[in-house]
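Work through the exercises below with the model open. Each task is followed by its solution.

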Amino acid sequence: MCGIVAYIGNKEAYPILIKGLRRLEYRGYDSAGISLVNAGLNVYKCKGKVSDLEAFASGKDVSGVVGIGHTRWATHGEPNDVNAHPHQSGNEHLAIIHNGIIENYDSLKTELKKRGHVFKSDTDTEVLVHLIEDVQANEDLPLAEAVRVALTQVVGAYAIAVLDRNDPNVIIGAKKGSPMVVGIGKGEFFLASDATPIVEYTKEVVYLEDEQIVELRLGQEVRIKNIENETLTPYIQELELHLEALEKGGYDHFMLKEIFEQPKSIADSMRGRFHVESGDVSLGGIIDYEQKLVSAKRIIIVACGTSWHAGLVGEYLIEDLARIPVEVEYASEFRYRNPIINEEDVVIAISQSGETADTLAALELAKSKGATTIGICNVVGSSISRVTDAGSYTHAGPEIGVASTKAFTAQVTVLILMALRLAHKRGSIPESRFHQMLASLEKLPKQVEETLKTASLVEHISKQYKDVRNFLYLGRGYNFPVALEGALKLKEISYIHAEGYPAAEMKHGPIALIDEEMPVVVIATSKGNYEKVISNIQEVKARKGKIIAIVTEGDVTAAELADHVIEIPDTEEALVPILASVPLQLLSYYIAVMRGCNVDQPRNLAKSVTVE
Ligand code: M6R
């Protein structure tokens with residue numbers, strides 16, 4: 001969603017802002033803009049990409065060592081030049097960029113209109129900058145204080161950066177419900193919605209907490225206050241992010257790079273967390289709350305999108321191995337449906353970004369009811385990782401492609417480890433199976449490497465299906481969430497309609513769709529309901545559907561029936577989701593590329609959904 005970058009220091013701000021906006025492109029956006037303070041306050045903004053903004057600003061005055069930049073993902077008001085950020089106050093002294101939603105913008109706007117304010121855009125953000133102007137004018141306050149007072153009247157979520165032409169040596173930032181990080185360099189400061197625009201300049205960062213206001217003034221230390229006007233001591237942390245992780249490294253797209261990084265990201269997510277010989281599994285981050293998990297009457301997993309699919313694999317794993325009842329909830333439904341939660345429940349939130357608004361809200365609801373909360377996040381220091389009682393990071397590294405790939409397999413890896421640890425502690429798994437699973441787990445990164453060798457075959461298959469309008473994905477048991485995830489990958493990046501279904505459910509409706517035009521991807525690996533899946537394949541063939549089967553290497557039965565066969569290495573049934581997901585990721589990738597789609601930044605999508 002919207003991206004924020006701001007700079008104040010001794011260098012020209014414009015190139016830093018443009019580079020920063022490019023780093024933020026992965027979040028998804030539809031317009032971009034910047035504002036620079038020099039003799040006055042220049043604002044340049046337009047619909048489209050950062051390159052369109054550069055073209056628009058070309059030849060204009062882009063001088064200045066203080067500036068703010070924004071990529072907008074439209075919520076209030078269509079994507080156009082006027083609604084793009086920055087927005088200015090009526091007197092044009094202030095400029096603001098904003099990520100989030102001001103929920104009471106309508107009533108604020110009505111009030112401000114009565115006081116003579118005139119608005120140009122349809123956005124909630126413009127209302128906020130007029131409100132700050134109003135406070136500044138009526139109460140004669142310095143910018144930081146005017147921002148603080150204005151924010152006390154705001155309901156909603158925000159991460160903002162504000163400039164004032166009358167106070168040209170300062171940037172004010174503030175956040176609530178949307179992430180914001182401050183970078184501290186030598187004689188310079190950065191402000192951004194995530195660390196990607198900052199990493200090449202400094203490793204010293206401060207993650208702002210909700211309702212904190214930061215003042216970045218040239219020649220002074222970082223100053224932070226809370227909304228109650230109390231001064232706080234900034235907690236400076238070292239950034240654990242490397243620049244190479246944000247580059248494509250020779251691949252055509254981030255998505256392809258991230259698919260091929262999976263042997264490493266899975267190994268990194270396992271590293272130091274188990275030993276085959278000693279039979280020890282441990283997740284350090286949750287050790288203090290482990291007993292809560294071991295004795296939980298129920299575990300509730302909350303997540304969205306791909307992370308929800310990982311949660312579904314988690315349900316199968318934890319129930320199968322640890323014998324604890326699990327419910328998997330869409331965070332957006334859970335938070336509003338008055339769910340029954342109590343102190344004996346453990347709620348696990350799964351989120352790559354750790355910033356998904358619905359997941360965060362679901363977690364806060366669970367906390368308020370006394371449940372123990374655990375996070376499985378990829379982004380270190382993210383909001384979800386900070387509000388949970390404990391958690392385990394997935395060590396997938398930055399995921400830039402909007403379509404989640406390596407984050408999904410890393411989430412499943414952590415869930416496997418968690419299920420095994422709980423199962424061992426509860427004595428619900430026979431020792432022999434436990435050791436067998438650890439041995440199989442150790443082999444997984446190599447097996448993913450093997451699976452990636454199917455890429456050229458998958459590319460070849462993709463050519464034949466790139467123009468179809470619909471796809472069906474079928475799987476049973478552990479492979480049902482894989483079918484859902486395969487379908488999501490295809491639809492989000494290729495814009496082909498795709499549905500994932502439990503294979504046996506096909507007879508209850510989707511079978512009506514099958515004809516010679518319909519490709520059906522079936523995950524038909526050898527363990528767990530194999531014969532039943534074969535019957536489902538036969539049902540599709542009888543209706544002339546085209547079968548693309550993901551099978552265990554050496555399989556002959558499915559291979560004879562299917563139109564195309566993609567083999568994956570043999571492993572435990574519970575570990576198959578990791579291997580089976582890889583060819584499905586590749587299938588969606590190649591089809592999307594062949595259709596000329598923007599694979600890394602699909603239309604309408606944002607990498608991290610920070611508004612509900
Ligand atoms: O950051 P999160 O894991 O919380 O994001 C949740 C979904 O928005 C995300 O998984 C989305 O479905 C994927 N980008 C799809 O590939």
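**Exercise 1: the ligand's contacts**

Find the polar partners of the ligand. Start with its nitrogen: a nitrogen atom of the ligand lies 2.8 Å from a polar backbone atom of V402. A polar contact here is a pair of N or O atoms within 3.5 Å. The model is predicted: local features need pLDDT of at least 70, side-chain atom pairs count only at pLDDT 80 or more, and totals for chains, interfaces and linings use all residues. Residues are numbered from 1 along each chain as its sequence is written, and side-chain values use heavy atoms, with hydrogens and water left out.

Next, take the oxygens. A polar side-chain atom of S353 is 2.6 Å from an oxygen atom of the ligand. A backbone N or O atom of T306 is 3.1 Å from an oxygen atom of the ligand.

**Exercise 2: burial and shell**

How much of the ligand does the protein bury? Taken alone, the ligand exposes 410 Å² (Shrake-Rupley method, 1.4 Å probe). The protein buries 91% of that.

Which elements give two or more residues to the shell around the ligand? They are α9 (305–322) and α16 (479–494); helices are DSSP runs of H or I, at least four residues. The largest share, 3 residues, comes from α9.

Now list the nearest residues. Of the 13 residues around the ligand (a heavy atom within 4 Å), S307, S351, S353, T356 and E492 come nearest.

Finally, sort the shell by class. It has 3 nonpolar, 8 polar and 2 charged residues, with Gly counted as polar.

Notes
Polar contact = N/O pair within 3.5 Å; in protein donor to acceptor, adjacent residues only side chain to side chain.
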